Amino acid sequence: MQFMLLFSRQGKLRLQKWYVPLSDKEKKKITRELVQTVLARKPKMCSFLEWRDLKVVYKRYASLYFCCAIENQDNELITLEIIHRYVELLDKYFGSVCELDIIFNFEKAYFILDEFLLGGEAQDTSKKNVLKAIEQADLLQEIQNEDWGGLPNEEIL
């Protein structure tokens, strides 16, 4: 996977994860172009498209589009399954995830993505294992906060 973008129906970028080195200028150009392309497509159209020298796989869940760019030889259906699994992980963690969960807890959304994907490849397809790792990290953070008198790390510094 080259990158994953999450954006709203209004074209607002909510999350971006790049697995290839690109300049900020190039990332903005790609994001703008891809968001416009996906939003211009009709709902009944296929969720796969050829774009530049890549394949783009996207899926809309409620008000968010989850969009991934993959190499031409990569499997679109596996990518669609990766998108779905990420949504399931978010849903399980947040309890019926919505766009506001991503906006106000973007660090957690990134953490869940990083726990699931590493370098653009799925590390563990088991939801149970990924959620267990996330719960352990949450528990560790709670313990650290208690050790510091209950203050989040930012307030201590």
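What share of the 157 residues of the protein counts as buried? In the predicted model, the share is 34%. The protein comprises six helices and seven strands, and from the N terminus on these elements follow the order β-β-α-β-β-β-α-α-α-β-β-α-α. Along its principal axes, the C-alpha trace extends over about 50 × 30 × 30 Å. When contacts between residues at least 6 apart in sequence are considered, 47% of them join residues at least 24 apart.

The buried nonpolar residues were examined next. The largest nonpolar core contains 26 residues, and Met4, Phe66, Tyr86, Leu90 and Leu117 are those with the most contacts inside it. At least two residues of this core are supplied by each of β1 (3-8), β5 (64-70), α2 (76-94), α4 and α5 (127-147). Helix α2 provides the largest share of this core, namely seven residues. Apart from this core lies another one, of 16 residues, which includes Phe3, Leu5, Val35 and Cys67.

The surroundings of leucine 90 illustrate the contacts of one residue of the largest core. With residues up to four places away in sequence not counted, leucine 90 touches Phe66, Gly95, Val97, Ile102, Ala109 and Ile112. Two of these partners, Ala109 and Ile112, are also among the buried residues of helix α4 (residues 106-116), together with Lys108, Leu113 and Phe116. The buried residues of α4 lie on the same side of the helix, because they cover an arc of only 140 degrees around its axis.

Open space at the protein surface was also analysed. A probe the size of a water molecule, rolled over the atoms, shows where empty space is left. The largest pocket holds about 190 Å³ of space. Its lining consists of Val38, Arg41, Lys42, Pro43, Met45, Ser47, Tyr58, Lys59, Arg60 and Tyr65. By class, five of the lining residues are nonpolar, one is polar and four are charged. Strand β4 (residues 54-61) gives the most to this lining, with three residues.

Several individual positions were then considered, beginning with helix α1. Threonine 37 belongs to helix α1 (residues 24-40). With a relative accessible area of 28%, threonine 37 is partly exposed, since this class lies between the limits of 20% and 50%. Its contacts, leaving aside neighbours within four places in sequence, are with Leu49 and Trp51. The C-alpha atoms of threonine 37 and leucine 49 are separated by 9.7 Å, and the two residues are twelve residues apart along the chain.

Strand β3 (residues 48-51) contains glutamate 50. The relative accessible area of glutamate 50 is 69%, so this residue is exposed. Glutamate 50 and asparagine 72 are 22 residues apart in sequence, and their C-alpha atoms are 8.4 Å apart in space.

Two residues were noted for their backbone geometry. Most residues other than glycine have a negative phi. Arginine 52, although not a glycine, has a positive phi of about 55 degrees. This arginine is located in the loop between β3 and β4, and at 43% relative accessibility arginine 52 counts as partly exposed. Alanine 62 likewise has a positive phi, near 55 degrees, in a residue other than glycine. The position of alanine 62 is in the loop between β4 and β5, where this residue counts as exposed at 69% relative accessibility.

The loop between β4 and β5 also holds serine 63. The relative accessible area of serine 63 is 18%, and serine 63 is therefore buried, the limit for this class being under 20%. Leaving aside neighbours within four places in sequence, serine 63 is in contact with Phe7, Ser8, Arg9 and Glu99. Between the C-alpha atoms of serine 63 and arginine 32 the separation is 18 Å, with the two residues 31 residues apart along the chain. The loop between β4 and β5 thus includes alanine 62, which is exposed, and serine 63, which is buried.

Methods:
Residues numbered from 1 in each chain as written. Predicted model: local features only at pLDDT ≥ 70, side-chain atom pairs only at ≥ 80, totals over all residues. Heavy atoms only, no water. Buried < 20%, exposed > 50% of the residue type's maximum accessible area, 1.4 Å probe, protein only. Helix = DSSP H or I, 4+ residues; strand = E, 2+ residues; numbered from the N terminus. Arc of directions from axis to C-beta. 1 Å grid on protein atoms, 1.4 Å probe; cavity = no way out; pocket = protein on both sides within 12 Å on 5 of 7 lines; lining within 4 Å. Points joined across faces, edges and corners; volume = space filled by probe spheres on them. Nonpolar A, V, L, I, M, F, W, Y, C, P; charged D, E, K, R; others polar. Core = buried A, V, L, I, M, F, W, Y, C linked by side-chain atoms within 4.5 Å. Contact = heavy atoms within 4.5 Å.
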